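Me: I have a model open in the viewer and I'd like to learn how to read it feature by feature. Could you walk me through it?

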Amino acid sequence: MSAFSFKRFNADAYLALRPAYNRALVQWLLGYHVGKRVCAADIACGPGTFTVNLSSEFDHVLGVDPSLSMIESARNNARTNNIVNVKYKQGFGESLPIATDTVDLLAVMQGAHWFKFADFLSEAQRVLRPGGTLVLVGYGYPEIASWPESMKGRTFARTLATDKRLLRNYWDNGYTLIDELYAPFLDAIQASTGYTDVQHLQFPKTEQATGLHGINVLPESWIDSRTMPLDGFRAYMKTWSAYKSWKDQHPHDADIIDTFFDEQQSALGKSGSEEVKIEWPHFAIVARKRL
């Protein structure tokens, strides 16, 4: 289970610092979706980042997450934005607290890689109405798009995440699926008899897509870029589950992310107040439950 499940995780920081999904994503999904718009479900909803996006398009929206701190943050977010047609429940992707054949669109945003996927896929099949839409979205390591290539901003975060001397050994096993663009999930869905009209999408085209057949590049991003100070980017990295795991195992050590940023900023001559543009490469699988 992900570090996000634990009560001590700062869900409010996650809401403030993680990327947001834009209107282009919602419009694309509504164009793909052919069923009713009565009920949508956002599984592993976290602090309700995408749940709120769905609330203006469906009569009722349910957010499900195993973390009570995430659920509390999501409820506060809904109240702050005066959203009244969203409810949140604690639950797990492998045993959804949802009645059979009641969901028109079921979304998992940056969460499917934490599930026992075969169990989740059975549950999605159970709760979706015939013709309902299943959507899985993930995003990779953020990239500093505003730096020249010589500064290696595109691989700055990847280095921190994947170097064995840094955070590589602190990710849950499921995170390798991000680098695979959820290709094993695509195989499982296509092998299932329960889904049709399956599509594999990404933005922009990435090196990880090399060798993947049938993956399409979206015409526009589903995640808006963000401009933030380097200190804000540092704080974003501290929302990673791998960092939470590292902190739990090294409570008295010098902070691994602070050390990395301090060393890199010194070498590059950068200050924490410098504004940088951050982009998130992302990908998706969509499918429709057979009638």
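Reply: Sure, we'll go through the sheets, one histidine, some rings and a few backbone oddities. Keep in mind that this is a predicted model.

Me: Let's begin with sheets. What order do the strands of the eight-stranded sheet have?

Reply: The general idea first: strands of a sheet pair through backbone hydrogen bonds, either parallel or antiparallel. Here, the eight strands form an open sheet in the order S3-S2-S1-S4-S5-S11-S7-S8, and the pairing is mixed. Strand S3 (86-90) and strand S8 (215-217) are the edge strands, each pairing on one side only. From one strand to the next, the twist averages 20°. Helix H4 (residues 68-80) packs on this sheet and touches S2 and S3, with its direction at about 170° to that of S3.

Me: Which strands does S1 pair with, and in what sense?

Reply: S1 runs parallel to strand S2 (residues 60-65), joined by five bridges. With strand S4 (residues 103-109), S1 also pairs in the parallel sense, over four bridges. To find the register, look for residues that stand opposite each other: Ala41 faces Leu62 in S2, and Asp42 stands opposite Ala107 in S4.

Me: And where is the antiparallel part of the mix?

Reply: Look at strand S7 (residues 195-203) and strand S11 (residues 282-289), which pair in the antiparallel sense over seven bridges. Gln199 is a handy marker there, standing opposite Val286 in S11.

Me: Back to S1: is it enclosed or open to the outside?

Reply: For a question like that, check burial residue by residue. Five of the five residues of S1 are buried, so the strand is largely enclosed by the rest of the structure. Both faces are covered, with Cys39, Ala41 and Ile43 buried on one side and Ala40 and Asp42 buried on the other.

Me: What about the three-stranded sheet, what is its order?

Reply: It's an open sheet too, ordered S6-S10-S9, with antiparallel pairing. Strand S6 (143-144) and strand S9 (226-229) are at the edges with a single partner strand each, so one side of each has no neighbour in the sheet. S9 and strand S10 (residues 275-279) share four bridges in the antiparallel sense, and the bridge partner of Thr227 in S10 is Lys277. Helix H9 (residues 230-237) packs on this sheet, touching S6, S9 and S10, and its direction makes about 105° with that of S9.

Me: Now a single residue. Where does His33 sit, and what is it in contact with?

Reply: Start with the position, then burial, then partners. His33 lies in the loop between helix H2 (23-32) and strand S1 (39-43). It counts as buried because its relative accessibility is 7%, under the 20% cut-off. Its side chain reaches the backbone oxygen of Gly35 at 3.3 Å. Beyond neighbours within four places in sequence, His33 is in contact with Phe58, Asp104, Leu105, Thr133 and Arg288. Arg288 is also worth a look for another reason: it lies over the face of Tyr32, at 4.2 Å from the ring centre.

Me: How do I read ring pairs?

Reply: Check the distance between centres, then the angle between planes. There are 24 aromatic pairs in this model. Tyr21 and Phe50 are edge-to-face, at 5.6 Å centre to centre and 80° between the planes. They are 29 residues apart in the chain, and both are buried. Tyr182 and Phe283 have ring centres 4.9 Å apart and planes at 85°, so that pair is edge-to-face as well. These two are 101 residues apart, with Phe283 in strand S11. Tyr182 is buried at 0% relative accessible area, and Phe283 is buried at 3%. Ring pairs also build a cluster, whose members include Trp114, Tyr141, Trp147 and Phe156.

Me: Last one: which backbone oddities should I look up?

Reply: Most residues other than glycine have a negative phi, and most peptide bonds are trans. The bond from Phe203 to Pro204 is cis, with omega near -15°, and Pro204 is in the loop between S7 and S8. Asn82, in the loop between H4 and S3, has a positive phi near 55° and is exposed at 65% relative accessibility. Asp101 has a positive phi of about 55°; this residue lies in the loop between S3 and S4 and is partly exposed, at 38%.

Technical notes:
Residues numbered from 1 in each chain as written. Predicted model: local features only at pLDDT ≥ 70, side-chain atom pairs only at ≥ 80, totals over all residues. Heavy atoms only, no water. Buried < 20%, exposed > 50% of the residue type's maximum accessible area, 1.4 Å probe, protein only. Polar contact = N/O pair within 3.5 Å; in protein donor to acceptor, adjacent residues only side chain to side chain. Contact = heavy atoms within 4.5 Å. Pairing = 2+ DSSP bridges. Axes fitted to C-alpha atoms, helices over the stretch in contact; angles between N-to-C directions. Phe/Tyr/Trp six-rings, centres within 6.5 Å; stacked < 30°, edge-to-face > 60°. Lys NZ or Arg CZ within 6 Å of the ring centre and 35° of its normal.
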